[in-house]
Number of protein chains: 2
Amino acid sequence: MGKRKPTSTNTINRETLIDFCGMVYAVDILGGRWKLLILYKLEGRTLRFSELKKRLPNVSDRMLTLHLQELEKSGLVIRTVHAEVPARVEYHLSESARQLAPVWKQLEQWGLAHRDVMEKAGELSVAIQS
Amino acid sequence: MGKRKPTSTNTINRETLIDFCGMVYAVDILGGRWKLLILYKLEGRTLRFSELKKRLPNVSDRMLTLHLQELEKSGLVIRTVHAEVPARVEYHLSESARQLAPVWKQLEQWGLAHRDVMEKAGELSVAIQS
DNA sequence: TTTTGCGCTTACATTTTTGTGTGCTCCGCA
DNA sequence: TGCGGAGCACACAAAAATGTAAGCGCAAAA
């Protein structure tokens, strides 16, 4: 979002890991507050900025802009400006992003299941304590 | 890592999203600099702290400890302390984490493929410019 | 008998990066 | 004159990653 300091250990580690591991690279691309949701909302359809915004709970214009830009740079989202007045800008998923869809669905499944497991474990330990 | 300020918009958004979306929850758990690598290295085997450390490029003790603690809290990694001297501490994947393995492998595949796509796109645009 | 070392963790201080808030722009139309 | 769509610029707060140093329990070395 802001610029990175290219000499920081943080940046160096990040690059090293991205470099030798596809999944770190993947999560690096997907890991912003709104990215996954944006992709999810764009699945199977084209939306314009304002429509996308309505569908995301509590995003500010700024955040949406920023994350869309990054997704565009990462090649997941394609931005089309229609030269009308007022300008109309539409977003849709790239081929690559479409291929990612099954993966994030599994991630979703796993997430729900894991949350369940964790909640039960939580209840259990509460029960033991009492 | 540090504590979160519970009233910040950041925290509130995070919780909202985690709450209504399994994959955001999943990525929230998996999204630290070293988490995926740790899981990956622990796949199919048990390792102790120092062994793990050797296998990760350039991690500090501190980072490793922190991330392991979070993974433990998230229920992905199980920590076993052997009461010897000097203490021996071993880590292995939880059942939940094991179920995640196929997903992260796909993510890995996708990551590699996508990186390829992006690199080609990059070359192409360079070629066009020249 | 003091000193050293191992394997792992914690406390405290800092630096980087990420996420937000606010205000401003540009362009025609009503 | 004001509105709506789609942002951008600048300033700041919060969270994540890192660095440094110290601690602990006890055996083996000096």
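**Notes on a predicted protein–DNA model**

1. Let me start with A:Tyr91, where an N or O atom of the side chain is 2.5 Å from a phosphate oxygen of DNA strand D. Please keep in mind as you look at this contact that the model is predicted. A:Ser50 also reaches the backbone of that strand, with a polar side-chain atom 3.0 Å from a phosphate oxygen of DNA strand D. B:Arg62 contacts a base instead: an N or O atom in its side chain is 2.2 Å from a base oxygen of DNA strand D. Which elements give two or more residues to the surface near DNA strand D? In chain A they are α1 (9-20), α4 (49-55), α5 (61-73) and β3 (88-93), and in chain B they are α1 (9-20) and α5 (61-73).

2. Here is the wider setting of those contacts. There are 32 residues around DNA strand D, and A:Gln69, A:Arg79, B:Met1, B:Arg62 and B:Met63 come nearest. Of the atoms of DNA strand D that come within 4 Å of the protein, 78% are accounted for by sugar and phosphate. The base contact of B:Arg62 is worth viewing against that share. By class, the surface near this strand has 11 nonpolar, 11 polar and 10 charged residues.

3. Now for the other strand. DNA strand C has 28 residues around it, the nearest being A:Thr11, A:Arg62, A:Met63, B:Gln69 and B:Arg79. Sugar or phosphate atoms make up 77% of the atoms of DNA strand C within 4 Å of the protein, and bases make up the rest. The residues near this strand divide into nine nonpolar, 11 polar and eight charged.

4. Three side chains are worth displaying together with the phosphates of DNA strand C. B:Asn13 places an N or O atom 2.7 Å from a phosphate oxygen, and B:Thr9 has a polar side-chain atom 2.9 Å from a phosphate oxygen. From chain A, the side chain of A:Ser8 has an N or O atom 3.1 Å from a phosphate oxygen of this strand. Two or more residues each come from α1 and α5 of chain A, and from α1, α4, α5 and β3 of chain B. Helix α5(B) gives the largest share of the surface near DNA strand C, with four residues.

5. How are the two protein chains related? Chain B superposes on chain A by a rotation of 180° with 0.0 Å of shift along the axis, at an RMSD of 0.1 Å. The two copies are therefore related as by a two-fold rotation axis. Both copies use the same surface, since 95% of the contact residues of chain B recur in chain A.

6. On backbone geometry, A:Asn58 deserves a look: its phi is positive, about 70°, although the residue is not a glycine. A:Asn58 sits in the loop between α4 and α5 of chain A and is exposed, because its relative accessible area of 53% is over the 50% cut-off. In chain B, phi of B:Asn58 is near 70°, again a positive value in a residue other than glycine. B:Asn58 is found in the loop between α4 (49-55) and α5 of chain B, and counts as exposed at 52% relative accessibility.

7. There is also a cis peptide bond to check, the one from B:Val85 to B:Pro86, with omega near 0°. B:Pro86 belongs to the loop between β2 (77-82) and β3 (88-93) of chain B.

8. The start of chain A is another good place to stop. A:Met1 lies in the segment before α1 of chain A and is exposed, at 55% relative accessibility. Apart from its neighbours within four places in sequence, A:Met1 is in contact with A:Leu66, A:His67 and A:Glu70. By contrast, A:Asp116 is 34 Å from A:Met1, C-alpha to C-alpha, with their positions 115 residues apart in sequence.

9. Finally, a word on confidence. Chain A has a mean pLDDT of 93, and 98% of its residues reach 70 or more. Where in chain A is the mean pLDDT of an element lowest, and where highest? The lowest belongs to helix α6 (residues 95-129), with a mean of 92, and the highest to helix α3 (residues 35-42), with 97.

Technical notes: Residues are numbered from 1 along each chain as its sequence is written. Chains are lettered from A and ligands numbered from 1 in the order in which they are written. This is a predicted model: local features need pLDDT of at least 70, side-chain atom pairs count only at pLDDT 80 or more; totals for chains, interfaces and linings use all residues. Side-chain values use heavy atoms; hydrogens and water are left out. A residue is near a molecule or strand if one of its heavy atoms lies within 4 Å of it. A polar contact is a pair of N or O atoms within 3.5 Å; within protein, one must be able to donate a hydrogen and the other to accept it, and residues adjacent in sequence count only if both atoms are side-chain atoms. Ala, Val, Leu, Ile, Met, Phe, Trp, Tyr, Cys and Pro count as nonpolar, Asp, Glu, Lys and Arg as charged, and the others, Gly among them, as polar. Buried means under 20% relative accessible area, exposed over 50%, partly exposed in between (1.4 Å probe, protein chains only). pLDDT is the predictor's confidence in each residue, from 0 to 100. Copies are superposed by least squares on the C-alpha atoms of residues with pLDDT of at least 70 in both. Contact means heavy atoms within 4.5 Å.
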